[in-house]
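Please examine the sequence and the three-dimensional structure shown below. The paragraphs that follow lead from one part to the next.

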Amino acid sequence: MFGVGDKAPDFTLKSATDGEPVTLSETLRAGHPVLLIFLRHLG
Amino acid sequence: VAQLCQFKDELERLNVKVFLVSFSSMGYARRWIDEVCSPFHLLADREQATYKLYGLDSSLLRTWNFKIIWSYVKLMRAGRKWRGIQGDSAQMGGDFIINTDGIVRFAYRSHDPTDRPSVKTLMKVLRRIGGNQ
């Protein structure tokens with residue numbers, strides 16, 4: 001399992017706002033650090 | 001997330017994108033985000049494939065025990081609305097911070113539903129990498 005200092009696994013997920021695919025690596029390449037929060041059913 | 005939303009202006013200054021990954025129904029999740037913090041980006045992972053990719057496990061035992069049920073009761077008493085169970089109640093959450101080189105700078109996998117890092121901790125890491133790209 002990866003941890004701090006490792007490369008983050010890339011993914012593509014659909015945006016709930018506009019339905020467009022969002023890819024982690026493209027966001028990072030555009031110069032944005034990413035805070036990734038995995039929600040539960042109660043948030 | 002509601003606490004984090006108070007820092008949305010600073011997060012924008014730091015150029016940080018906040019992705020909220022959800023496996024519950026999009027209608028429900030969208031309404032929830034609209035109530036809490038609309039500038040954050042909500043992403044759908046209905047199959048929970050990205051949860052698994054990031055090493056987030058499931059545990060019914062750690063989800064439905066006295067401590068957790070009591071924490072929900074306290075939330076309801078504090079005014080939080082009960083919306084019922086949406087999707088997989090055993091799925092654990094997690095929080096990750098990734099710098100622009102694609103390197104994980106913070107990783108937190110929840111042991112139970114109440115186990116999340118503080119907003120203070122997240123902001124500390126984000127400020128550090130924001131000033132050191």
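A residue is called buried when its relative accessible area is under 20%, exposed when that area is over 50%, and partly exposed in between, with a 1.4 Å probe and protein chains only. Helices (H or I, at least four residues) and strands (E, at least two) are DSSP runs, numbered from the N terminus. This is a predicted model, in which local features need pLDDT of at least 70 and side-chain atom pairs count only at pLDDT 80 or more, while totals for chains, interfaces and linings use all residues. Residues are numbered from 1 along each chain as its sequence is written, chains are lettered from A and ligands numbered from 1 in the order in which they are written, and side-chain values use heavy atoms, with hydrogens and water left out.

Confidence comes first. The predictor's confidence in each residue is its pLDDT, from 0 to 100. For chain A the mean pLDDT is 90, and 93% of the residues reach 70 or more. Among the elements of this chain, E1(A) has the lowest mean, 93, and helix H1 (residues 24-29) the highest, 97. Where pLDDT is low, the predicted coordinates should not be read in detail.

Helix H6 of chain B illustrates how burial can be arranged. Which residues of H6(B) are buried? They are B:Ile68, B:Ser71 and B:Tyr72. Seen down the helix axis, the buried residues of H6(B) fall within an arc of 100° (taken from the directions from the axis to the C-beta atoms), so they line one face of the helix. The face turned away from this buried side carries the exposed residues B:Phe66 and B:Arg77. The twelve residues of H6(B), 66-77, should span 16 Å at 1.5 Å a residue (1.5 Å times one less than the number of residues), and the end C-alpha atoms are indeed 16 Å apart. Just after the helix, B:Gly79 takes a positive phi of about 110°.

In the loop between H6 and E3 of chain B lies B:Gln91. With a relative accessible area of 1%, B:Gln91 is buried. Its contacts (heavy atoms within 4.5 Å), leaving aside neighbours within four places in sequence, include A:Arg40 of the other chain as well as B:Phe23 and B:Tyr51.

Aromatic rings form a further theme. Rings of Phe, Tyr and Trp (its six-membered ring) pair if their centres lie within 6.5 Å; planes under 30 degrees apart count as stacked, over 60 as edge-to-face and the rest as tilted. Over all chains there are nine such pairs. In one of them, the rings of A:Phe2 and B:Phe96 have centres 5.7 Å apart and planes at 40°, so this pair is tilted. The pair crosses between chains, from the segment before strand E1 (12-15) of chain A to strand E3 (residues 94-98) of chain B. Both partners count as buried, A:Phe2 at 13% relative accessibility and B:Phe96 at 0%.

Another pair, A:Phe38 with B:Tyr51, is edge-to-face, at 4.9 Å centre to centre and 65° between the planes. This pair also crosses between chains, from strand E3 (residues 34-38) of chain A to helix H4 (residues 49-53) of chain B. A:Phe38 is buried at 0% relative accessibility, and B:Tyr51 is buried at 0%. Ring pairs link these four residues with A:Phe11, B:Phe23 and B:Tyr54 into a cluster.
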